[in-house]
Amino acid sequence: MKKLLYGAICMILFVSLTACGGGTDKDTTKNNDTTNKTEQNDSATNTAADGEKVFQGTCAACHGNDLKSGYAPDLDKIGSKLSKNDIVKIIHNGKGQMPKQNLSDADANAVAAWLAAKK
């Protein structure tokens, strides 16, 4: 019985520690830009749907699919408290117990724009 309880606690701890660290990895090597201008323009014009999609894949594990049912702070009215730029800074730098997220600038901006509209 003790082994089962210990195993369950370890699994919960493992899942909670890895859930909020998702996202894409940034390439830190020298710039080998092989994208064309069309691809760059597409990523710069992310829509609110893109922001919600990135949120669901990266942030919802901690903040909840509905922006308020997770164990992390509620985000359902975050736009009334923080600007889009403030939200981008928090995504890139972290705040409190939230670690910095490894999102591209385009993805971070899309999520921030989507969240800033939540008032």
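1. Let me start with burial: 25% of the 119 residues in the protein chain count as buried. Please keep in mind as you read on that this is a predicted model. The accessible surface of the protein chain comes to about 8,600 Å², with 57% of that supplied by carbon and sulfur atoms.

2. On the fold, the protein chain has six helices and zero strands. Read from the N terminus, the order of elements is α-α-α-α-α-α. As for contacts between residues at least 6 apart in sequence, 61% of them join residues at least 24 apart.

3. Helix 5 deserves a look of its own. This helix covers residues 84-93, and its buried residues are Ile87, Val88, Ile90, Ile91 and His92. Which helix do they pack against? The partner is helix 6, residues 105-116. Just after helix 5 comes Gly94, which has a positive phi, near 80 degrees.

4. Ahead of helix 5, you will find Leu82 in the loop that links helix 4 (60-63) to helix 5. Is Leu82 buried or partly exposed? Its relative accessible area is 22%, so Leu82 counts as partly exposed, because the cut-off for buried is under 20%.

5. Leu82 also has partners worth displaying. Leaving aside residues up to four places away in sequence, Leu82 touches Ile87 and Ile90, and both of these are among the buried residues of helix 5. Toward the other end of the numbering, the C-alpha atoms of Leu82 and Lys119 are separated by 9.7 Å, with the two residues 37 apart along the chain.

Notes: Residues are numbered from 1 along each chain as its sequence is written. This is a predicted model: local features need pLDDT of at least 70, side-chain atom pairs count only at pLDDT 80 or more; totals for chains, interfaces and linings use all residues. Side-chain values use heavy atoms; hydrogens and water are left out. Buried means under 20% relative accessible area, exposed over 50%, partly exposed in between (1.4 Å probe, protein chains only). Helices (H or I, at least four residues) and strands (E, at least two) are DSSP runs, numbered from the N terminus. Contact means heavy atoms within 4.5 Å. Accessible areas come from the Shrake-Rupley method with a 1.4 Å probe; for residues, only the protein chains shown count as cover.
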